[in-house]
Amino acid sequence: MVDSVAKNREDILLEVKGLKTYFHTEYGVVRAVNGVDITFPRGKVVGVVGESGCGKSVTALSIMQLVSQPPGKIEAGTIMYYPEDEAPIDILSLNPKERKMRELRGKELAMIFQEPMTSLNPIYTVGDQIIEKVQVHFPMDRNEAKEYAIDMLNKVGIPDPAQRVDEYPHQMSGGMRQRAMIAIALACDPRFLIADEPTTALDVTVQAQILILMQDLQQEFGTSIMLVTHDLGVVGEMADVVAVMYMGKVVEYADVQTLFYEPRHPYTRGLLRSIPLIGQSGARWLSPIEGMLPDPYDQIIGCSFAARCPHRTEQCQHETPPWLESEDGRGVRCWLYA
Amino acid sequence: MALNDTSPEQQKLQVDAGIENETTERSLSHWQLMWRRFLKHRLAVFGLIVIIGLYMLAIFCEFFAPMDPYVRYSQFVNAPPQRIRFVDHEGNFSIRPFVYGHKSTLDMQSFRRVYEPDYSKRYDLRLFTKGSKYKLWGFFPGSLRFFGVEEGGHLFLFGTDNLGRDVFSRIIYGSRISLSIGLIGVFISLAIGMLLGGISGLRGGLIDELLQRVIELLRSVPDIPLWMGLSAALPPHWSPIRVYFGITVILSLLGWTHVARVVRSRFLSLRNEEFVLAAYAAGASEWRIITKHLIPSFISYVIVSVTLSIPGMILGETALSFLGIGLRPPVISWGVLLEQAQNIAAVNTYPWLLTPAIFVILTVLSLNFVGDGLRDAADPYSK
Amino acid sequence: MANYLTKRLIYMLITLFGISIISFTVIQLPPGDYLTSYITELQASGTVVDEAQIASLRQRYGLDKPIYVQYFKWITGIFRGDFGRSFEWNESVRVLISERLPMTIAISLLTLVFTYVLAIPIGIYSAVRQYSFGDYLAIFIGFIGISIPGFLLALVLMFAFYHMFGISIGGLFSAAFEDAPWSWAKFKDLVDHLWVPMIVVGMSGTAGLIRTMRATTLDELGKDYVKMARSKGLPEWKVILKHPVRVAINPIVSTVGWELPRIVSGTTIVAVVLSLPITGPLLLQALLSQDMYLAGSFIMMLSVLTVIGTLISDILLAVIDPRIRLE
């Protein structure tokens, strides 16, 4: 049942361990990512879910080494990347501005951003924005790169790609823009794709189209995807494995079936109870999670979810729960299972 | 444009609890916040202190000026500044600062007076001394001065001009005209700008279009040539006070466009904001919405814009008077004082004629610091 | 684009109309009319003016007609190249203007170029290296620059050079070349003199532009498309120059039109201080002696200059910004 979770070293593409990314603001330190471990198996979709501010996007940006510093700073951790036939690389050991990191970015690791409107440069054509990337990584002249760009636009389902390639972002609809962004991300065949809330800014109907597109492309290219979202429906649809984050930490990691049917962490259970399910009898009410997120500037002692947890004990309020991993690869961070 | 630019929030399986980064700033009002952010801007605080100081000088110039600015010391024409001393010519130290009087001889080659300290005439500097009589604001007679030398002595900190008048005291008197012209001009601009910008932003349509054209027209006319043209047309027989107001009006004629633009664009963008729509939906009257919701939400922008346009006004007056087509003697303003510095040969021989420029620059610099600090404080996100 | 440009052109015509009215007002403002001044002038020079002559002149200039007829006569005259007469110089205004205006345009344009060439790189540097020593230096110089008015800077520079080196930095030519015909040596002499007005007039504009360029670049630097460009693996300098800087330049270009009135204004007064043979001193003199046709025409031509500049900057903006071009 838990076959999606990587059991062997060869199955792992990317492994985040002990990642800490802090933001040093004028009001204090925000520990946005505070010790995150996530394993990304080869060729799978890993959904990373959590409320806004839980650190999921910052984790994604840390993998790309795109956290703006200052104020952000990656304080600790390793991000091991295992290319198919090369030595493993610790991404965090590379200088974010130097050649090696730039070669990884775009060629091996790519990213789709949340807002297609603001993530595309308004003054360049969509084609230019693909060509620009292709020419960094492939020895192509402009015409070849443009052919490639048209081909990419075709693959992401943009009609009339030969014409659309010369259009500017503001001439396209939101859905088309997101497709164009996916085309940019998938250009140069990256092995690992980060999709940061790829459908949040889109209409519901367009959302479904984009999700199906991403699924198809994932199958075609065999790309591993890190799907960052706050939308459990999208996770259920797309992901093979799910990591649930809360206050800068992963609190539960399991394959999607297990997570949905046997959630362990009280937070995960709370999340699942707050989703309306069609076809369910009126016997079960939607129940929101009690309480509020703690202040991001506070440093919390004990379990960060303790204040909102229905099962909290004395211990939860004083000691940080350990990461408990079972044989089958699933993990949870909760004293209930210690 | 695409319909799906906005994200529909309904029907989504949202986990989002929607917290905002409210922290310690939660309980403070908008103005308190603005003031706190302003205080962090060190140069702005420095500027504010300087500006307050300069306006105090301007308001109480009769009290702060050590000498009468109109009195001509004919035996001390074009005299250089006197040095403030603590040690006399025999090397004795004195805790009380003092100056030596001037004595002059005529240089027979250049036919210019040459000044030397006259060691026999020592004038002690005193705080709150009694000087020549004046009328504060033209009404209240007095003779108390902030500092000066005893009656009969003379104190020329910045030297004297070609009629033997004390430049330092003239600068202090000049600040009253120069600084107030900026302030009054800005108030006129503010009134016109708020009114026209507000109408234009609220009503839109033809009025807005018309106003836009007028603003565009006024902004494309180079201000100094137009100011020159208009102020040269002020009748020469006008009294100084009428010329003063005439110049103020001329300066505001172009100045209001900035305020109008700010107000208009704020109104336009706020008109469709949700909190305004909510107020309309709640049945609030338009006047109430404007005064209770709209104006408070952009007043800080207007303050910033106004602060930043005072220097332009002050410089406008200075420039016009400097050219000899603004205020004219016997009125004292910094521009009038600088007119004497037009002749470079004179400046070379009597460099202290340039001292009013230091005050002009200090004022403008400080106002710019304050305006910048206010801008950052009013809108921390618009760096 | 055609729509946009047509609109701009129509606006320009409206603005030009407004400018002509403002200039005509300036001409009409002083008490008395052109003819009273002219007659005083003639009488002063000892010429006897008889009534019939006055009446015919009055008719010729339409001074017996209502004000809008006078305006119409004046404006149609301008279209034929007749700007009226300067009684002080006893010369047609057109001749006086065409003597002075080209050099005014040249100095203004040079200053404009100087301003932009200096301000844009400094602004970019300041934004990319925010809070570095260089950034603080640029901010400080910027504050000084916008706070020292050109004419005071000119005055101080004149004084400093005169005092220290005993040379006068005023004027555009050395005495030897003042009336000489154009030659390479005269051109070189001009260049030697030109840097003073350029720096003096350009100073405040440069300072302002550095601030704007810094602010807009900072704004753009924070946007998602910059992260996106980095995520493609572009070298950092290429990310900066191709993306945020390229976008931030657009509003800067669109304000060329607003910069021009400032520069023309600045040159007018600085020219008086530095006694440059351009419009400024002549305008001042015309105003002081109530030579109103000359003064009004100067004000109008200087404004027309800036309006044309605005139109050019609008066109430029349309060329470089697809969001406007494809509207």
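In the predicted model, the contact between chain A and chain C involves 29 residues of chain A and 21 residues of chain C. Together the two chains bury about 2,400 Å², and 64% of this area lies on carbon and sulfur atoms. Two salt bridges are found across the interface of chain A and chain C. One of the salt bridges joins Glu132(A) to Lys232(C), with 2.7 Å between the closest N and O atoms. In addition, 10 residue pairs are in polar contact between chain A and chain C, counted where both residues have pLDDT 80 or more.

Several elements of chain A contribute two or more residues to the side that touches chain C, namely helix H1 (56-64), helix H2 (99-107), strand E6 (109-112), helix H3 (116-119), helix H4 (126-137) and helix H7 (174-186). The greatest contribution is that of H4(A), with five residues. The side of chain A that touches chain C is composed of 14 nonpolar, nine polar and six charged residues.

The contact between chain B and chain C draws on 42 residues from chain B and 45 residues from chain C. The buried area here is about 4,100 Å², with carbon and sulfur atoms accounting for 76%. Two salt bridges are counted between chain B and chain C. In one of the salt bridges, the side chains of Glu216(B) and Arg8(C) meet at an N to O distance of 3.2 Å. Polar contact is found for eight residue pairs between chain B and chain C, again with both residues at pLDDT 80 or more.

On the side of chain B that touches chain C, at least two residues each are supplied by helix H5 (205-220), H6, H9, helix H11 (344-349) and helix H12 (355-378) of chain B. H12(B) gives the most, with nine residues. By class, this side of chain B comprises 28 nonpolar, six polar and eight charged residues.

Helix H6 of chain B, which spans residues 223-232, is mostly covered, with nine of its 10 residues buried. The buried residues of H6(B) are Ile224(B), Pro225(B), Leu226(B), Trp227(B), Met228(B), Gly229(B), Leu230(B), Ser231(B) and Ala232(B). H6(B) is also among the elements that supply at least two residues to the side of chain B that touches chain C.

Domain assignments are available for chain B and chain C. Chain B is divided into domain 1 (82-155) and domain 2 (171-377), and the C-alpha centres of these two domains are 39 Å apart. For chain C, the assignment gives domain 1 (31-82) and domain 2 (101-326). The centres of domain 1 of chain C and domain 2 of chain C, taken over C-alpha atoms, are separated by 40 Å.

Within chain C, Gly150(C) is placed in helix H7 (residues 150-165). Leaving aside residues up to four places away in sequence, Gly150(C) touches Val200(C) and Val270(C). The C-alpha atom of Gly150(C) is 7.4 Å from that of Met203(C), although 53 residues separate the two along the chain.

Backbone geometry was also examined. Most residues other than glycine have a negative phi, and most peptide bonds are trans. Two residues of chain A have a positive phi without being glycine. Asp189(A) has a phi near 50° and lies in the loop between H7 and strand E7 (192-196) of chain A. Glu197(A) likewise shows a positive phi, of about 50°, and is located in the loop between E7 and helix H8 (204-221) of chain A. The surroundings of these two residues can be described by their accessibility. The relative accessible area of Asp189(A) is 38%, so this residue is classed as partly exposed. Glu197(A) is classed as buried because its relative accessible area is 5%, under the cut-off of 20%.

In chain B, the peptide bond that joins Pro329(B) and Pro330(B) is cis, with omega about 10°. Pro330(B) is found in the loop between helix H9 (286-323) and helix H10 (334-339) of chain B. Of the two helices that flank this loop, H9(B) is also listed among the elements that supply at least two residues to the side of chain B that touches chain C.

Notes
Residues numbered from 1 in each chain as written. Chains lettered and ligands numbered in written order. Predicted model: local features only at pLDDT ≥ 70, side-chain atom pairs only at ≥ 80, totals over all residues. Heavy atoms only, no water. Contact = heavy atoms within 4.5 Å. Buried area = accessible area lost by both parts, 1.4 Å probe. Salt bridge = Lys/Arg side-chain N within 4 Å of Asp/Glu carboxyl O. Polar contact = N/O pair within 3.5 Å; in protein donor to acceptor, adjacent residues only side chain to side chain. Helix = DSSP H or I, 4+ residues; strand = E, 2+ residues; numbered from the N terminus. Nonpolar A, V, L, I, M, F, W, Y, C, P; charged D, E, K, R; others polar. Buried < 20%, exposed > 50% of the residue type's maximum accessible area, 1.4 Å probe, protein only. Domains from an automatic or database assignment.
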